[in-house]
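Student: Could we go through this structure together and check where its descriptions come from?
Tutor: Happily! Have a look at it, and then ask away.

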Amino acid sequence: MVFESYLEKITRFVVWLLEQEHSVRLIIGDRGDTPAVQHVTREVLRQKGPLAEHIFSATPIESLDDVFRALAGTDIVIATRYHNVVCALMLGKPVISLGYGAKNDVLLADVGMGRYCQHIEGFEPSVLMDHFCEVQANQKRFEACIRQRTEGYRRLVSDQFSTLLGEPATRA
């Protein structure tokens with residue numbers, strides 16, 4: 001029942017995005033997501049008819065590089081999987097989370113986007129639509145904040161590797 005509700009809500013959101021004249025790319029971040037993406041694709045095409053690939057597509061992912069390539073072509077990312085959230089932020093993309101646990105919420109709070117999180121099992125499409133509009137209206141501000149925070153993360157990781165390897169830290 002929860003899964004069917006999720007599929008109906010995601011389909012409603014995707015149809016709304018298309019009606020707002022946004023392009024939509026469903027990114028299959030895990031092989032287990034394939035049945036959900038296939039269902040949403042069928043339903044969207046049933047409701048909207050044939051759509052050009054640049055307007056609506058489902059992108060299969062085979063590697064982390066594929067995730068980065070697919071996300072690079074987006075403006076705003078709505079993500080469930082933590083690795084998709086991390087990859088989107090590494091690319092400087094604003095993220096709205098429909099997560100399973102607190103880790104998405106904690107990460108997005110740290111980059112200034114904590115308001116844009118819902119739990120996947122009970123999210124509301126109307127809230128998701130509002131969040132999307134807010135993020136879109138403030139996209140440049142979010143991108144700047146994300147770039148600043150991720151640069152800080154990169155410095156911390158570099159410092160940790162330097163400590164572990166006994167080398168002087170390098171500042172990029």
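**Reasoning from values to words**

Tutor: Let's start with one description: helix 3 passes helix 4 in a right-handed crossing. Keep in mind that this is a predicted model.

Student: What makes helix 3 and helix 4 oblique to each other?

Tutor: Helix 3 (residues 64–72) and helix 4 (residues 82–90) pack at an angle of about 55°, with their axes 10 Å apart. Roughly parallel needs an angle under 35 degrees, and roughly perpendicular runs from 65 to 115. The angle fits neither range, so the two helices are called oblique.

Student: Which residues in helix 3 and helix 4 meet?

Tutor: From helix 3 come L64, V67, F68 and L71, and they meet N84, C87, A88 and M90 in helix 4. Sorted by class, this contact of helix 3 with helix 4 has seven nonpolar residues, one polar and no charged ones.

Student: Why are helix 4 and helix 5 called roughly parallel?

Tutor: Use the angle again: helix 4 and helix 5 (residues 102–110) pack at about 15°, with their axes 10 Å apart. Angles under 35 degrees count as roughly parallel, and therefore that is the word for helix 4 and helix 5. Their crossing is left-handed.

Student: Which residues of helix 4 and helix 5 meet?

Tutor: Here Y82, V85, V86 and L89 in helix 4 meet K103, N104, L107 and L108 in helix 5. By class, the contact of helix 4 with helix 5 has six nonpolar residues, one polar and one charged.

Student: Why does Q136 count as partly exposed?

Tutor: Q136, which lies in helix 6 (residues 125–137), has 35% relative accessibility. Buried means under 20% and exposed means over 50%, so Q136 falls in between and counts as partly exposed. Leaving out residues up to four places away in sequence, Q136 touches H22 and I76.

Student: How do you know that the radius of gyration of the chain agrees with a compact globule?

Tutor: Compare two values: with 172 residues, a compact globule would have a radius of gyration near 16 Å, and the chain has 17 Å, so the chain agrees with that expectation. Along its principal axes, the C-alpha trace spans about 60 × 30 × 30 Å.

Student: How many helices and strands does the chain have?

Tutor: There are seven helices and five strands. Along the sequence they follow the pattern α-β-α-β-α-β-α-β-α-β-α-α. Buried residues make up 42% of the 172 residues in the chain.

Definitions and conventions:
Residues are numbered from 1 along each chain as its sequence is written. This is a predicted model: local features need pLDDT of at least 70, side-chain atom pairs count only at pLDDT 80 or more; totals for chains, interfaces and linings use all residues. Side-chain values use heavy atoms; hydrogens and water are left out. Axes are lines fitted to C-alpha atoms, for helices over the stretch in contact, and angles run from 0 to 180 degrees between N-to-C directions. Helices (H or I, at least four residues) and strands (E, at least two) are DSSP runs, numbered from the N terminus. A crossing is left-handed if the near helix is turned anticlockwise from the far one by less than a right angle, and right-handed if clockwise. Contact means heavy atoms within 4.5 Å. Ala, Val, Leu, Ile, Met, Phe, Trp, Tyr, Cys and Pro count as nonpolar, Asp, Glu, Lys and Arg as charged, and the others, Gly among them, as polar. Buried means under 20% relative accessible area, exposed over 50%, partly exposed in between (1.4 Å probe, protein chains only). The radius of gyration is taken over C-alpha atoms; the globule rule is 2.2 Å times the number of residues to the power 0.38. Angles under 35 degrees count as roughly parallel, over 145 as roughly antiparallel, 65 to 115 as roughly perpendicular and the rest as oblique.
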